[in-house]
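Reader: Please take a close look at the charged side chains of this structure, and tell me which partners they have and how far each is covered or open to the surroundings. I would also like to hear about any backbone geometry that deserves a careful check.

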Amino acid sequence: MTYQISIEGADVSFDCAPGQSILDAALHAGVELSYSCRKGSCGNCAGAVVKGEVAARPGAAASNETCLPGQVLYCVCVPKSDVTLAPTSWRKLDPAARKTFTAKVHSHDRVVPEVSVLRLRLPAGQRAKFQAGQYLQVFLEDGSTRCYSMANPPHESDGVTLHIQHVPGGQFTHTLLGLKQGDTLKIELPFGNVALAADDPRPLVCVAAGTGFAPVKSILDDMVKRRVQRKVTLIWGAREPSGLYLQAAVDKWKRQWPDFRFIPAISQARDALAPGVFQGRVDQALRAQCPDLAGHVLHCCGSPAMVAAVRQAAVEMGVLPQDFQADVFVPGPAAAPL
Ligand SMILES: Cc1cc2nc3c(=O)[nH]c(=O)nc-3n(C[C@H](O)[C@H](O)[C@H](O)COP(=O)(O)OP(=O)(O)OC[C@H]3O[C@@H](n4cnc5c(N)ncnc54)[C@H](O)[C@@H]3O)c2cc1C
């Protein structure tokens with residue numbers, strides 16, 4: 001049965017088809033609620049249901065530790081009646097904003113043995129329109145898709161740059177390893193709602209693990225381009241020093257930004273670490289190096305376990321739950337197409 005969904009205090013309502021999640025119905029209707037993974041993990045879509053009844057899809061939980069009391073995860077909940085939502089944020093989507101391209105491999109660099117930097121060019125005259133921190137979907141031959149965050153800032157719009165961690169046995173990893181200049185890939189973008197406000201003056205802490213650095217690079221390069229003056233701390237972690245695969249980008253921010261602080265964190269070092277490198281995981285680095293996070297905004301990118309650990313540390317150290325934003329690299333095929 002189709003139910004109607006409304007947004008409290010707004011003249012907005014849309015239909016939700018049987019079995020469709022509240023988030024998918026909203027996106028389908030051109031209403032963008034805050035979201036990222038669409039798999040019930042990151043918590044970005046947590047919001048309240050002020051009227052009506054909802055239930056989690058089979059196998060999913062309606063809420064998780066990221067939800068405040070009374071909130072559910074819109075990406076996994078389906079309505080059981082007409083409902084009224086009170087989302088943390090929403091906006092009307094431009095229906096023409098998302099596009100599919102056949103992109104050409106411009107370069108493929110294995111910057112370290114386990115990470116590729118892949119630069120894709122769009123067909124002549126076409127532009128990629130996205131916000132810093134958003135991601136795209138790559139179509140695989142079997143029709144499934146994988147998500148990758150844009151690492152380039154939005155003003156570099158004639159193509160996209162991806163930082164891809166090799167996953168042994170992974171389907172796209174296998175394709176990726178054979179990609180060379182001139183090969184083509186079908187991609188669709190943009191996806192993901194980035195809640196970071198460009199004009200927010202509060203200090204920002206970015207915490208990334210491995211290729212979670214990709215969306216952070218896009219966000220920070222974009223802030224440099226916009227000449228944002230804001231205190232920024234970057235904690236970037238990896239198991240071994242080689243996992244911090246793009247030191248040049250960090251060095252550039254250090255030169256460009258007087259208020260930029262970088263904390264590298266290495267969790268499984270085999271040799272002695274260079275001075276200034278934190279020995280341990282990124283959540284441990286956050287606790288040790290940023291003891292008072294009241295009034296800060298925190299943006300975190302990496303695996304579900306890493307994001308959960310950083311979220312716990314951040315909230316314990318004073319970050320308000322609504323000021324913690326996550327980009328969770330949930331493994332496996334992307335959620336079903338909208
Ligand atoms: C919103 C979003 C943005 C993302 N952005 C990026 C990005 O910028 N860079 C990036 O490298 N990845 C990113 N990912 C992860 C990416 O989409 C793929 O999941 C990943 O590249 C593996 O794809 P694959 O086809 O090679 O492996 P698959 O064929 O999907 O997986 C093979 C097996 O490995 C497991 N697996 C998958 N990934 C991992 C892992 N990291 N560690 C351990 N086991 C794993 C799977 O569960 C499966 O059992 C993102 C994911 C999401 C949801």
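Author: A good place to begin is Asp 222, which forms a salt bridge with Arg 226, the closest N and O atoms of the pair lying 2.9 Å apart; please keep in mind throughout that this is a predicted model. Asp 222 has a relative accessible area of 12% and is buried, because the limit for that word is a value under 20%. This pair is one part of a wider set, since a search of the whole structure finds 13 salt bridges.

Another of these links joins the side chains of Glu 32 and Arg 91, where the N to O distance is 2.6 Å. Glu 32 belongs to strand 3 and Arg 91 to strand 9, which covers residues 90-92, so this salt bridge ties together parts that are 59 residues apart in sequence. As for the cover on each partner, Glu 32 counts as buried at 2% relative accessibility, whereas Arg 91 is partly exposed, with a relative accessible area of 40%.

The salt bridge between Lys 254 and Asp 251 has its closest N and O atoms 4.0 Å apart, and that value can be set beside the cut-off of the definition, which asks for a nitrogen within 4 Å of a carboxyl oxygen. Lys 254 is partly exposed, with a relative accessible area of 43%, and Asp 251 also counts as partly exposed, at 28% relative accessibility. The two residues lie in helix 4 (residues 247-256), where they are 3 residues apart, about one turn of the helix. Elsewhere, Asp 200, Arg 202 and Asp 323 are joined into one network by salt bridges that share partners.

Asp 323 appears again in the surroundings of His 296: if neighbours within four places in sequence are left aside, His 296 is in contact with Pro 203, Val 205, Val 319 and Asp 323. His 296 itself sits in the loop between helix 5 (282-289) and strand 20 (297-302), and at 17% relative accessibility this histidine counts as buried. A polar atom of the His 296 side chain lies 3.1 Å from the backbone oxygen of Ala 294.

Turning to the backbone, most residues other than glycine have a negative phi, and most peptide bonds are trans. Against that background, Arg 38 has a positive phi near 60°, and Arg 227, which is not a glycine either, has a positive phi of about 55°. Each of these arginines is found in a loop: Arg 38 lies between strand 3 (31-33) and strand 4 (46-51), while Arg 227 lies between helix 3 (213-225) and strand 17 (232-238). Their surroundings stand in contrast, for Arg 38 counts as buried at 8% relative accessibility, but Arg 227 is exposed, with a relative accessible area of 71%. The peptide bond to check is the one from Leu 189 to Pro 190, which is cis, with omega near 0°; the proline of this pair, Pro 190, has its place in strand 15 (residues 184-191).

Definitions and conventions. Residues are numbered from 1 along each chain as its sequence is written. This is a predicted model: local features need pLDDT of at least 70, side-chain atom pairs count only at pLDDT 80 or more; totals for chains, interfaces and linings use all residues. Side-chain values use heavy atoms; hydrogens and water are left out. Helices (H or I, at least four residues) and strands (E, at least two) are DSSP runs, numbered from the N terminus. Buried means under 20% relative accessible area, exposed over 50%, partly exposed in between (1.4 Å probe, protein chains only). A polar contact is a pair of N or O atoms within 3.5 Å; within protein, one must be able to donate a hydrogen and the other to accept it, and residues adjacent in sequence count only if both atoms are side-chain atoms. Contact means heavy atoms within 4.5 Å.
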